[in-house]
Amino acid sequence: ISTETFISNKKIKNCKYPKSMIPVFIEVTEKFRAYDIEFIDQAIKSSQIVNLFKRFCNRRKDRFNILIVDNVISLDDKEDFKHDPNGRDDYVMQNILKCRQKTKGLIFVLHHLNKDQGDKENVKTGYRPVKSDMKGSEAFSRVPNQVLLVNSFKIYPDLMAQYPPEDKEILSNLFIIDVQANRDDKIGDEVSLLHYFSEMEFDLFYEIEIPDIPLEETETFSKIDPHSIPF
C-alpha cells in the first residue's frame, strides 16, 4: 500500500492519513491480492519450509520461483536443539539446501548481525560487516552460494555525526552491501562493495520477463562480449 500511495508504513499503521485515502487503500489491496505470492506469517520449522515451497513450485512449474525466509533465527527448530545451537544451525541449513535441490528455486535466507558489529571501534571502517559478525555458527556462511553482508548508516549516530547536515538525508537511505561470500577482514576489496541508495518505504520492484528463445538461436556465454550486455 505504501509503495502505491506514497504514504509511509508508519503513518498507515498509526492511521495518520486522510480518510479520503481509504477507498484508494481498498483498491490497492485488491490489486495486491492478484499477485502470485504467498505469505506464511507464523513460526514454523525448516523441514516445513521444504514441503511448503515444494508445493508452491509444483503449482507453478512454468515460473521462476523465489523463497524468502525472514528470518532464519526465528524458526521453530530451536525448540528441538535447546542444548545444541550449532547442531541446530547445521540442521536448518541442511534443510534449506534440500529445499534448493528439490525445487531449483532462488532462496534468500535472511539473517542478523551480532552485537559485535555495533562496537564503537567499527566507526573507523564505517561499520562495514564481516562474516564473523553474523549470528550463529559458520553453517550460515558455509552453505549459501553467496553471502550478502548488508548494513545501514542511519543506525549508527557516531557515524552519522561525521558528516555535514546536508549529507545526512542521503546517508539515512544508504546501505552498505558487501557481495563477497568469503571475506573475513575489515579492509577487503573495494570492488566488491556496493553503496545502495534507497528510500525503502517507496521502493517498487518489477518482474523482468525472460523471453523463450529456442536453444539453437542462443549463443554460448564464451561467445558473448560482456561489454555489449546492457545493465
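Student: Is R88 buried or exposed?
Tutor: This is a predicted model, so the answer rests on computed values. A residue counts as buried when its relative accessible area is under 20%. R88 has a relative accessible area of 5%, so R88 is buried.

Student: Which residue does the side chain of R88 meet in a salt bridge?
Tutor: The pair is 2.9 Å apart, N to O. The partner has a relative accessible area of 4%, so it is buried. That partner is D89.

Student: How many salt bridges does the count come to?
Tutor: The rule asks for a side-chain nitrogen of Lys or Arg within 4 Å of a carboxyl oxygen of Asp or Glu. R88 and D89 meet in one of these bridges. By this rule the count comes to 13.

Student: Why are R33 and E30 separated by about one helical turn?
Tutor: R33 and E30 form a salt bridge, with their closest N and O atoms 2.6 Å apart. Both belong to helix α3, residues 22–33. They are separated by about one helical turn because their spacing in that helix is 3 residues.

Student: Is R33 buried or exposed?
Tutor: The cut-off for exposed is over 50% relative accessible area. E30, its salt-bridge partner, has 45% and is partly exposed. R33 has 60%, so R33 is exposed.

Student: Which residue meets K82 in a salt bridge?
Tutor: The N to O distance is 3.8 Å. K82 counts as exposed, at 60% relative accessibility. The partner has a relative accessible area of 46%, so it is partly exposed. That partner is E79.

Student: Which residues are linked in a network of salt bridges?
Tutor: The network holds acidic and basic side chains, since a salt bridge joins Lys or Arg to Asp or Glu. Its members are D36, E38, R59, R60 and R63.

Student: What pattern does the protein follow along the sequence?
Tutor: The secondary structure comes to 8 helices and 5 strands. Read along the sequence, they follow α-α-α-α-β-α-β-α-β-α-α-β-β.

Student: Which strand is joined to β1 by 4 bridges?
Tutor: L67 stands opposite I107, a residue of the partner strand. The two strands run parallel. The partner is β2.

Student: Which side chains of β1 point to the buried face?
Tutor: In a regular strand the side chains alternate between the two faces of the sheet. Along β1, I66 and I68 point to one face and are not buried. The side chains on the other face are buried, and they belong to L67 and V69.

Student: Is I68 buried or exposed?
Tutor: I68 is found in strand β1. Its relative accessible area is 55%. The cut-off for exposed is over 50%. I68 is therefore exposed.

Student: What accessible area does the nonpolar patch on the surface have together?
Tutor: The patch is formed by F64, I66, I68, L106, F108 and L110. β1 (66–69) and β2 (106–109) each supply at least two of its residues. Together the patch residues have about 560 Å².

Student: Which element gives the most to the largest nonpolar core?
Tutor: This core has 20 residues, and I49, F53, L67, V69, L75, I96 and C99 touch the most other members. The elements that give two or more residues are α4 (46–58), β1, α5 (85–103) and α6 (139–142). With 5 residues, the leading contributor is α4.

Student: How many residues are in the second, separate core?
Tutor: The second core includes Y156, M160, L171 and I176. Its size is 10 residues.

Student: Which residues does C99 touch, not counting those up to four places away in sequence?
Tutor: C99 belongs to the largest nonpolar core. A contact needs heavy atoms within 4.5 Å. The residues touched are I49, V50, F53, L67, K104 and I107.

Student: Is S141 buried or exposed?
Tutor: S141 is found in helix α6. Leaving aside neighbours within four places in sequence, S141 is in contact with K131, M134 and V147. Its relative accessible area is 15%, so S141 is buried.

Student: What percentage of the 231 residues is buried?
Tutor: The protein exposes about 16800 Å², and carbon and sulfur atoms supply 56% of it. Buried residues, S141 among them, make up 31%.

Terms used
Residues are numbered from 1 along each chain as its sequence is written. This is a predicted model: local features need pLDDT of at least 70, side-chain atom pairs count only at pLDDT 80 or more; totals for chains, interfaces and linings use all residues. Side-chain values use heavy atoms; hydrogens and water are left out. Patches are made of residues with over 30% relative accessible area and no salt bridge: like charges are joined within 9 Å, nonpolar side chains (Val, Leu, Ile, Met, Phe, Trp, Tyr) within 5 Å. Accessible areas come from the Shrake-Rupley method with a 1.4 Å probe; for residues, only the protein chains shown count as cover. Buried means under 20% relative accessible area, exposed over 50%, partly exposed in between (1.4 Å probe, protein chains only). A nonpolar core is a set of buried Ala, Val, Leu, Ile, Met, Phe, Trp, Tyr and Cys residues joined through side-chain atoms within 4.5 Å. Two strands pair if DSSP finds at least two bridges between them.
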